[in-house]
Amino acid sequence: MIEDYSRYVSETGKELKPSGIRKFFDLAASMEGVISLGVGEPDFITPWNIREAAIVSLEQGFTSYTANAGLLELRQEISAYLDKRFGVPYNPSNQIIVTIGASQGLDLAFRAILNQGDEVLIVEPAFVSYSPLVTLAGGRPIPVSTSPANGFKVTPEQIEQQITSKTKAILLCSPNNPTGSTLTKADLEGIAKVIEKHDLIVVSDEIYAELSYDEEFTSFSSIKGMYDRTILLNGFSKGFAMTGWRLGFVAAPKPLTEVMLKIHQYTTMCAPNMLQHGAIEALRNTYHEVEAMKRSYRRRRNYVVQTLNQIGLDCHVPGGAFYVFPSIRTTGLTSEQFAEELLLQEKVAVVPGNVFGESGEGYVRCSYATSMPQLQEALKRMQQFLESRKLVSKA
Amino acid sequence: MKLSSEEIEILRIMEENHKISVESIALMVMSSEESVRKTIKKLEDDKIIMSYPTLIDWSKVEGQENIIAMIDVKVTPKRGVGFDEVADRIARFPEVSSLYLMSGGYDLSITIEGKTMNQIATFVSEKLSTIENVISTTTHFMLKKYKHDGVIFSSGDEKDRRMVVSP
Ligand SMILES: Cc1ncc(COP(=O)(O)O)c(C=O)c1O
């Protein structure tokens, strides 16, 4: 009998930290009657036409492998979508790969570009997978902290400060998870100058592209000079309410997609056939549903931001995604204490900001991808929590 | 009538739930309660907001189930007023819940609701078919409501199946 498995477990595997989200999930899941503002996915069910298209494809027997890069028909739709919607042309036959969510796209991107010890700048607060994925690919994640002073936007100066001779790439995510902050075209142009100067590659996570509320979304790859330096990640999870489908895509210059496709071919073969048929329908005929979902999120964002400010939690207005990131500094609690006590006392789940990196300490992530009645109730409970503990001094 | 984007937004919110408070609407459109109240009043005055009906599934309430029939009616149009005059007459009967002029095999489509089969039969034979210009009627009884005004009736609710916390 083996008593100690640590001898068998890889060093990388050992060193990976468990996600802080996981820990909080376990606590929240063990309780009943919780209102959750802790979810990172749409509250809408995938529009029916998309579900129906997948059902039909199953009925018709589309149960085999597809091309490694995905059904050509789907890649053609993706290409048309990227071109029409964001003005970035990609060749469907050799510049686009259909992946298992943007998650696999990220993995492919890092594995394709990183050598042992290469540094990747990660703008924090950041989605929980970025750093571990860089580590798994042999790279070193280097955090670039942002602050609410300028709405959690990263500045060219902040980026430049962290660049060393080992820096290979930077990861950008706009609209952002967890802050919801959005980089404008002008912001991106400023960043592009640094990228060019230091000869970096950009991994641009555009999964929330469809959920930009106040400004037209700008794809990083559309910025002058950046097309050649961008690995663009996107997918169906958020904008089309298809998280469980695990479908995304990556688009990049051909020499990079060639490498990514080799890795994809050996690790994954291809994305599920019948689900790709659903994705084709999503891109063809879901414009109105996507617009309606977006309008609904926008309303809820307005409601939540203003109500949080009213009850005494400072919150900037995020331009996209479905998260707000209010400060809980005035309460004197750490973000973990705040989230845990709010959960135990009022049964409202939010995610402590520190799980998204050090600069997230002092904040909590609240998702407004939840029905209005639930949001109203959750905010009422948060107010009760603050009042009962006299946690916020009323101005 | 051309409406502002804020007016349209308020209409959409109220279409989803007309019981929502003015305070909440104001927060959602980032405006003042005063201004939202004014907008709603204006939309009512302009008859863009027509009424605030409540969608009730009466079939679930014992003793209150209505019998609903849809009637296809052929009519001889009248010189000068076409179908409008006869349609206007029919629309005034309280039993009639909706009435449309149709293209195709017949002219008017009427939905009527009654408490009993007898009530509907009486309406058709004594009131509707005796109207001058009504040539023929075909009555279809509705057996079950699956979807009405965009709301799906019967299906088990598509409830929130997400985990409590996710990345
Ligand atoms: C910023 C960001 N990138 C990527 C993902 C993963 O998306 P997918 O479901 O397409 O793998 C998420 C999901 O939460 C996210 O927030």
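These legends go with a set of close-up views of a predicted model.

**View 1. Zooming in on the largest cavity.** This is one of four cavities of 30 Å³ or more in the structure. The largest cavity encloses about 90 Å³ of space. Its lining takes in 13 residues, and those closest to the centre are A:Val123, A:Phe152, A:Cys173, A:Asn176 and A:Ser181. Sorted by class, the lining of this cavity comes out as seven nonpolar, five polar and one charged.

**View 2. The second largest cavity and the residues around it.** Here the enclosed space is about 70 Å³. The lining is made up of A:Leu172, A:Cys173, A:Ser174, A:Leu183, A:Leu188, A:Ser204, A:Asp205, A:Glu206, A:Phe217, A:Thr218 and A:Phe220. Look for strand E5 (167-173) and strand E6 (201-205) of chain A, the elements that give two or more residues to this lining. Six of the lining residues are nonpolar, three are polar and two are charged. A:Cys173 is worth a second look: A:Cys173 lines this cavity and is also among the residues closest to the centre of the largest one.

**View 3. A:Thr218, one of the residues lining the second largest cavity.** A:Thr218 sits in the loop between E6 and strand E7 (230-235) of chain A. Is this loop residue buried or exposed? A:Thr218 has a relative accessible area of 15%, so it counts as buried, the cut-off being under 20%. Leaving aside residues up to four places away in sequence, A:Thr218 touches A:Lys185, A:Leu188 and A:Ile223. Of these contacts, A:Leu188 turns up in the lining of the second largest cavity too.

**View 4. The second largest pocket, with chain B residues closest to its centre.** The volume of this pocket is about 1,500 Å³. A total of 41 residues line the pocket, and B:Pro53, B:Thr54, B:Leu55, B:His148 and B:Asp149 are the closest to its centre. Several elements of chain B each put at least two residues into the lining: H1, strand E1 (67-75), strand E2 (96-101), strand E3 (108-114) and strand E5 (147-148). Which of them gives the most? That would be H1(B), with five residues. The lining has 18 nonpolar, twelve polar and eleven charged residues.

**View 5. Helix H3 of chain B and its buried side.** H3(B) runs over residues 33-45, 13 residues in all, and covers 18 Å from its first C-alpha to its last, close to the 18 Å expected at 1.5 Å a residue. The buried residues to pick out are B:Val36, B:Thr39, B:Ile40 and B:Leu43. These buried residues fall on the same side of H3(B) because they cover an arc of only 100 degrees around the axis. An α-helix has 3.6 residues a turn, so residues three or four places apart point the same way. What do the buried residues of H3(B) pack against? Their partners are helix H1 (5-16) and helix H2 (22-29) of chain B. After H3(B) comes B:Lys47, with a positive phi near 60 degrees.

**View 6. Helix H4 of chain A and its packing partners.** H4(A) covers residues 72-86, and its end C-alpha atoms are 21 Å apart, which agrees with the 21 Å that 15 residues should span at 1.5 Å a residue. Its buried residues are A:Leu74, A:Arg75, A:Glu77, A:Ile78, A:Ser79, A:Tyr81, A:Leu82 and A:Phe86. The buried residues pack against strand E2 (96-99), E7, strand E8 (248-251) and helix H10 (273-285) of chain A. A:Gly87 follows H4(A), and its phi is positive, near 70 degrees.

**View 7. A:Val34 and its neighbours from chains A and B.** A:Val34 belongs to the loop between helix H2 (20-29) and strand E1 (35-36) of chain A. A:Val348 is 314 residues apart from A:Val34 along the chain, yet their C-alpha atoms are separated by 5.7 Å. Not counting residues up to four places away in sequence, A:Val34 touches A:Ala28, A:Leu343, A:Lys347, A:Ala349 and, over in chain B, B:Val164.

**View 8. A:Leu386 in helix H13 of chain A.** H13 spans residues 372-388. With 4% relative accessibility, A:Leu386 counts as buried. Its contacts are A:Ile311, A:Leu313, A:Thr331, A:Phe338, A:Leu391 and A:Val392, with residues up to four places away in sequence left out. The C-alpha atoms of A:Leu386 and A:Leu342 are separated by 8.9 Å, with the two residues 44 residues apart along the chain.

Key:
Residues numbered from 1 in each chain as written. Chains lettered and ligands numbered in written order. Predicted model: local features only at pLDDT ≥ 70, side-chain atom pairs only at ≥ 80, totals over all residues. Heavy atoms only, no water. 1 Å grid on protein atoms, 1.4 Å probe; cavity = no way out; pocket = protein on both sides within 12 Å on 5 of 7 lines; lining within 4 Å. Points joined across faces, edges and corners; volume = space filled by probe spheres on them. Nonpolar A, V, L, I, M, F, W, Y, C, P; charged D, E, K, R; others polar. Helix = DSSP H or I, 4+ residues; strand = E, 2+ residues; numbered from the N terminus. Expected span 1.5 Å × (residues − 1). Buried < 20%, exposed > 50% of the residue type's maximum accessible area, 1.4 Å probe, protein only. Arc of directions from axis to C-beta. Contact = heavy atoms within 4.5 Å.
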